[in-house]
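Colleague: Please take a close look at a single part of this model, the place where two helices pack against each other, and then set it in its surroundings. I would like the reliability of the prediction kept in view throughout.

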Amino acid sequence: MADQLAIGSRRGLKPALPLLLPAYLWLTVAIFLPLSAMVFFSFMTDLPLAGKDWAFTLGNYAAFFSQGLYATLMLASLRLGLEVTLWCIVIGYPAAYVLAKVLKGRSREAIFLLVILPFWSNGLVRIFSWAMVLREGGILDTALNAVLPFKINIDLMYSYPAVIIGLVHSYVPYMVLTCYLTLQAIDDSLIEAGRSLGASRRQVLWRVIIPLSMPGLIAGAALIFVPVVGSFMEPRILGGRTGTFYGTVIEDQFVAVFNWPLGAALSFILLAVVLIILALAAPVLRRAG
Amino acid sequence: MATTRILEWLGRFYIVLLLGFLYLPIIIMAAMSFNASPFYQLPFEWTTDWYASLWQNDQLIAATWNSIEIAVITTIISTVLGAMASLALYRYEFRGKKVLQALLFPPIAIPWLITGTAMLIFFFGIGIGRGLVAILLGHVALALPYVIVVVSARLQTFAPELEEAARSLGANQWQVTMRITLPWIMPGVIAGGLFAFAVSFDQFVVSYFLSTPGQTTLPVEIYAAIRKGFTPEINAVSTIIIVVSMALMLLTARFFKFGGEK
Amino acid sequence: MAGVQVANVSRSFGAHKALDDVSIDFADGGFYALLGPSGSGKTTLLRQIAGFDFPDSGRIAIGGESVERVPVEKRRIGMVFQNYALFPNMSVADNVAFGLSVRGEAKATIAAEVQRALDLVQLGKLGARKPHQLSGGQRQRVALARAIVTKPRVLLLDEPLGALDKALRVDMQIELKRIQREIGITTIFVTHDQEEALTMSDRIGILRDGRLVQEGPPEEIYDRPQSEFAATFLGDANIFRGNATGNGILLADGTTIAAAVGDRLVPGAKASCAVRPERIQISTGVVKPDTGNANSLKGQVSKRIFAGNNSTYFVDRDGQTLKVIVQNTGAERLAEGEPVVLSWSPDSTVLIAA
């Protein structure tokens with residue numbers, strides 16, 4: 001043990017600094033300072049630019065708590081996050097199970113790649129592709145009417161379900177990925193052992209497989225819930241007028257209303273919510289490695 | 001064991017359904033980009049007009065060039081800086097190393113809406129303002145953690161004795177890095193670079209807050225077009241984008257997974 | 001070529017003292033083994049000599065030149081690693097050429113030197129292969145060729161044969177020794193295998209918990225161990241503990257054991273005696289006094305392990321189990337449970353201060 005201590009690595013920050021500094025300076029300038037600046041601006045009445053008068057204020061935060069609108073939208077966004085996460089579990093977990101425990105060899109590799117591939121393509125474009133399918137006279141409408149003997153009118157575009165469908169489509173590969181990784185790590189002999197002890201298929205599922213794959217489920221849930229709560233582009237495109245959420249209000253403050261301090265305060269509140277969620281999920285994630 | 005058989009086939013069928021759900025809208029979008037009707041009406045009538053008219057759309061072409069330029073520069077900067085940082089995190093032991101590693105996760109985990117608006121505020125505050133420079137600054141910062149994570153993963157498979165062997169043969173730090181370490185982590189660096197390119201080329205949210213008219217990227221331009229109203233032209237350019245980004249990820253998967261075996 | 005002097009070297013990792021005031025003189029051209037259990041500090045010592053790590057205090061000199069603060073790449077040493085550490089992206093020839101090439105030697109010189117080194121390790125025809133196409137023994141030879149081609153002042157070997165199977169290991173031991181003699185390089189060799197240390201080296205240094213326990217030629221350490229640890233770690237030994245008399249020890253049950261080897265000790269001081277299992281005679285009858293076996297004990301055979309050319313008897317005596325190794329001469333074998341008499345000469349008994 002003691003012999004191994006020195007092998008491979010060398011002590012000291014000094015020789016490491018020239019290699020580390022450029023990357024971390026860049027992250028500081030483009031991520032950490034901006035996040036700090038956002039906190040700072042959220043306590044201002046106006047931007048200190050072009051000689052405008054400004055003062056410190058708690059007004060931006062007061063606005064969140066006094067005007068019911070923002071809190072309502074935050075709740076709507078949290079609910080959206082919850083629903084999308086649940087759908088992703090319902091759809092993604094069985095798929096991950098089949099990938100990990102039913103498929104073998106090359107077909108498993110190929111299908112796994114196929115499942116996570118869309119995830120790495122442009123999210124905006126994928127959301128847009130749903131507009132083709134969901135709108136009135138769109139593909140879903142036309143296809144269903146071609147098959148069904150009676151006339152129905154499918155117009156899901158600009159509705160809450162449309163937003164859900166688009167978001168689930170965007171994020172379900174996350175759930176498949178994280179659950180697949182934990183399910184694959186479960187030794188098949190554990191499942192066989194459970195069965196040999198007389199447990200039914202369902203009992204093995206609920207008492208062996210699901211508890212053991214919990215870290216993957218929670219990791220996936222955190223990775224989905226967090227960005228969905230902050231989503232704005234998907235509700236805008238697929239939700240239309242019904243697509244007003246917390247994220248879209250923040251977007252408005254920056255690109256339409258130009259009330260940046262309020263936008264900063266709203267962003268910071270969202271960041272706080274996100275950090276709390278990540279902090280709650282962190283112990284489980286760390287155990288999952 | 002007949003039930004097992006049936007359940008397995010159900011499982012396979014389910015995977016096919018899921019793949020359908022994942023790919024159907026994309027395939028339909030691609031198909032519609034070759035359909036003559038501007039209102040996506042069936043029956044399908046083949047045309048490549050929409051792709052042809054892309055060439056007439058100067059705004060879209062300018063935005064595309066911006067996107068490519070920014071993605072290429074982002075790739076170069078973030079792979080070089082990221083590989084350097086990964087090497088340092090791999091080679092040296094020092095206090096605060098865990099903190100530095102933990103600091104890589106906020107840029108990945110925090111929603112881009114928050115990072116993007118924070119960058120907008122800060123860059124305005126220090127006088128950089130909006131535009132391509134701001135977008136580049138942001139993209140590199142978003143891509144860096146991915147590069148470091150990917151290259152570090154590759155470094156985990158590197159035997160530290162190789163560096164020691166090279167040093168014992170008289171090689172200095174630079175020679176060790178260039179002739180031993182870098183060739184070994186090259187697949188990781190290439191995968192990291194492809195990741196960086198994809199992160200930048202597909203990036204919408206951060207670019208959206210940091211762009212100004214005239215200094216914008218392709219996804220931002222598409223978003224504006226979508227909000228103005230659909231045209232098959234957008235389908236055409238979207239199809240191109242999705243093909244490019246999926247091809248990039250396939251390449252990445254190849255390098256990252258099979259890079260070690262030779 | 002050069003000797004290596006290690007003087008009062010200490011190195012701690014946090015609270016753990018990996019090396020504690022170690023001094024060894026490695027003479028020019030010698031073949032040394034550093035032997036010890038894992039965690040004894042032998043690898044740490046080798047890494048100090050190589051220059052991968054620097055001592056907290058003490059001096060290290062190679063060829064009379066102080067190097068304790070010189071980094072490894074400037075020490076002109078050659079090292080063979082436990083897992084060979086061949087560069088996987090380079091051919092065998094490029095691996096061997098690496099040291100010369102970073103030095104900026106001319107291409108033609110490099111090629112000639114590489115060929116010479118590969119010929120020396122009998123791999124002259126395999127230069128174009130990649131490391132993963134070689135067998136374990138061949139990799140070992142490439143690692144050796146790579147380490148010596150730069151004409152280093154010292155050759156350091158870190159458990160170089162540990163990854164080979166037994167038959168191959170014996171071949172490589174002979175081969176390594178041949179090459180070392182041929183080029184006459186000072187060689188320091190870390191191992192936890194006592195047999196390897198005994199058969200290969202001119203001198204052995206035994207380490208334990210960061211300290212040098214004993215150092216000397218293999219025969220001397222085997223015949224005159226200075227501590228119970230040295231006696232039991234290098235070879236096998238029966239240990240008796242008691243109080244020193246004028247020429248041996250007195251056990252708690254009143255038995256005296258005479259020892260003719262080892263330092264004289266103050267009578268009454270705590271002491272022990274070590275006897276090698278193969279030096280003890282075992283018999284069922286009374287020992288004839290003329291054999292010179294002044295030490296004798298009664299016991300009972302508890303177990304016999306037959307190993308072809310010899311048998312090992314475990315003999316119980318008063319709560320202690322003694323080990324006796326008897327060559328297979330065709331004489332009658334003793335059965336388990338049989339009462340026996342053990343006898344041996346004081347010349348085979350080493351007195352050790354406790």
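Modeller: What follows starts with one helix pair and then moves out to the chains and their contacts. This is a predicted model, in which local features need pLDDT of at least 70 and side-chain atom pairs count only at pLDDT 80 or more, while totals for chains, interfaces and linings use all residues. Residues are numbered from 1 along each chain as its sequence is written, and chains are lettered from A and ligands numbered from 1 in the order in which they are written.

The pair lies in chain B, where helix α3 (residues 58-91) and helix α9 (residues 173-201) pack with their axes 8 Å apart, at an angle of about 140°. Helices here are DSSP runs of H or I with at least four residues, strands are runs of E with at least two, and both are numbered from the N terminus; axes are lines fitted to C-alpha atoms, for helices over the stretch in contact, with angles from 0 to 180 degrees between N-to-C directions. α3(B) and α9(B) are therefore oblique to each other, a term for what remains once angles under 35 degrees (roughly parallel), over 145 (roughly antiparallel) and 65 to 115 (roughly perpendicular) are set aside.

On the α3(B) side, the residues that meet α9(B) include Ser67(B), Ile70(B), Gly82(B) and Leu87(B), and among their counterparts in α9(B) are Thr181(B), Gly192(B), Gly193(B) and Phe201(B); contact means C-beta atoms, placed from the backbone, within 7 Å. By class, this contact of α3(B) with α9(B) has ten polar and eight nonpolar residues and no charged ones, where Ala, Val, Leu, Ile, Met, Phe, Trp, Tyr, Cys and Pro count as nonpolar, Asp, Glu, Lys and Arg as charged, and the others, Gly among them, as polar.

As for confidence, chain B averages a pLDDT (the predictor's confidence in each residue, from 0 to 100) of 86, and 94% of its residues score at least 70. Residues 258-262 of chain B, however, have a pLDDT below 50, and this stretch has four contacts in the model beyond near neighbours in sequence.

Chain B is in contact with chain A, through 69 residues of chain B and 71 of chain A. Helix α1 (residues 17-41) of chain A gives the largest share of the chain A side, 16 residues, and that side divides into 54 nonpolar, 14 polar and three charged residues. Chain A has 13 helices and one strand, and 43% of its 289 residues count as buried, that is, with 20 or more other C-beta atoms within 10 Å of their own. Gly230(A), in the loop between α10 (214-229) and α11 (233-239) of chain A, counts as buried with 26 C-beta neighbours inside 10 Å. Leaving aside neighbours within four places in sequence, Gly230(A) is in contact with Gly247(A) and Leu270(A), and also with Pro111(B), Leu113(B) and Ile114(B). Chain A averages a pLDDT of 83, with 88% of the residues at 70 or above, but residues 1-8 of chain A fall below 50.

Chain B also meets chain C, in a contact that takes 16 residues from chain B and 18 from chain C. The elements of chain C that give two or more residues to this contact are β6 (77-80) and α2 (92-102), and the chain C side has ten nonpolar, five polar and three charged residues. Chain C as a whole comes to eight helices and 21 strands.

Methods:
Contact = placed C-beta atoms within 7 Å. Buried ≥ 20, exposed ≤ 12 C-beta atoms within 10 Å, placed from the backbone.
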